[in-house]
Amino acid sequence: MTDEKDAWNSFFRSGSVLDYLQYKSIENAKHSGELKEDLNEIQDQGTGTQNTGHQ
């Protein structure tokens, strides 16, 4: 699989719509993965239980 930079360079050289779509696909997948990581961090916050010592 090509990385984002290689895909951009292919599109830049060729001007092909298919090369651009491949670049955008890689870019979107990368950003989607970052978004999922951010969401996981948010979901992990505050999931611990607090023990106040009162029963």
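**Aromatic contacts and helix faces in a two-helix chain**

Tyr20 and Tyr23 are both located in helix H2, where a spacing of 3 residues, about one turn of the helix, separates them. The model described here is a predicted one, and its protein chain contains 2 helices and 0 strands. Helix H2 spans residues 17–44, whereas helix H1 spans residues 4–14. Of the 55 residues in the protein chain, 11% are buried, and the chain exposes about 5000 Å², of which carbon and sulfur atoms supply 51%.

The computed ring geometry gives a count of 4 aromatic pairs. In the pair formed by Tyr20 and Tyr23, the ring centres are 6.3 Å apart and the planes meet at 45 degrees, so the pair is classed as tilted; this follows because the angle falls neither under 30 degrees, as stacking would require, nor over 60 degrees, as an edge-to-face arrangement would require. Ring pairs also bring Trp8 and Phe11 together with Tyr20 and Tyr23 in a cluster.

The two tyrosines of this cluster fall into separate accessibility classes. Tyr23 has a relative accessibility of 12% and therefore counts as buried, since the cut-off for that class is under 20%. Tyr20, with a relative accessible area of 33%, is partly exposed, because this value lies between the limits of 20% and 50% that bound the intermediate class. With respect to the backbone, Tyr20 is 11 residues from Asn9 in sequence, and the C-alpha to C-alpha distance between Tyr20 and Asn9 is 9.7 Å.

Turning to helix H1, the residues Glu4, Ala7 and Phe11 are buried. These residues cover an arc of only 65 degrees around the axis, and they are therefore placed on the same side of H1. Phe11, one of these buried residues, is also a member of the aromatic cluster that includes Tyr20 and Tyr23. The face of H1 that is turned away from the buried side carries Lys5, Phe12 and Arg13, which are exposed. Phe11 and Phe12 thus receive opposite assignments, Phe11 being buried and Phe12 being exposed. After H1 comes Gly15, for which the phi angle is positive, near 70 degrees.

Conventions. Residues are numbered from 1 along each chain as its sequence is written. This is a predicted model: local features need pLDDT of at least 70, side-chain atom pairs count only at pLDDT 80 or more; totals for chains, interfaces and linings use all residues. Side-chain values use heavy atoms; hydrogens and water are left out. Helices (H or I, at least four residues) and strands (E, at least two) are DSSP runs, numbered from the N terminus. Buried means under 20% relative accessible area, exposed over 50%, partly exposed in between (1.4 Å probe, protein chains only). Accessible areas come from the Shrake-Rupley method with a 1.4 Å probe; for residues, only the protein chains shown count as cover. Rings of Phe, Tyr and Trp (its six-membered ring) pair if their centres lie within 6.5 Å; planes under 30 degrees apart count as stacked, over 60 as edge-to-face and the rest as tilted. The arc is that of the directions from the helix axis to the C-beta atoms.
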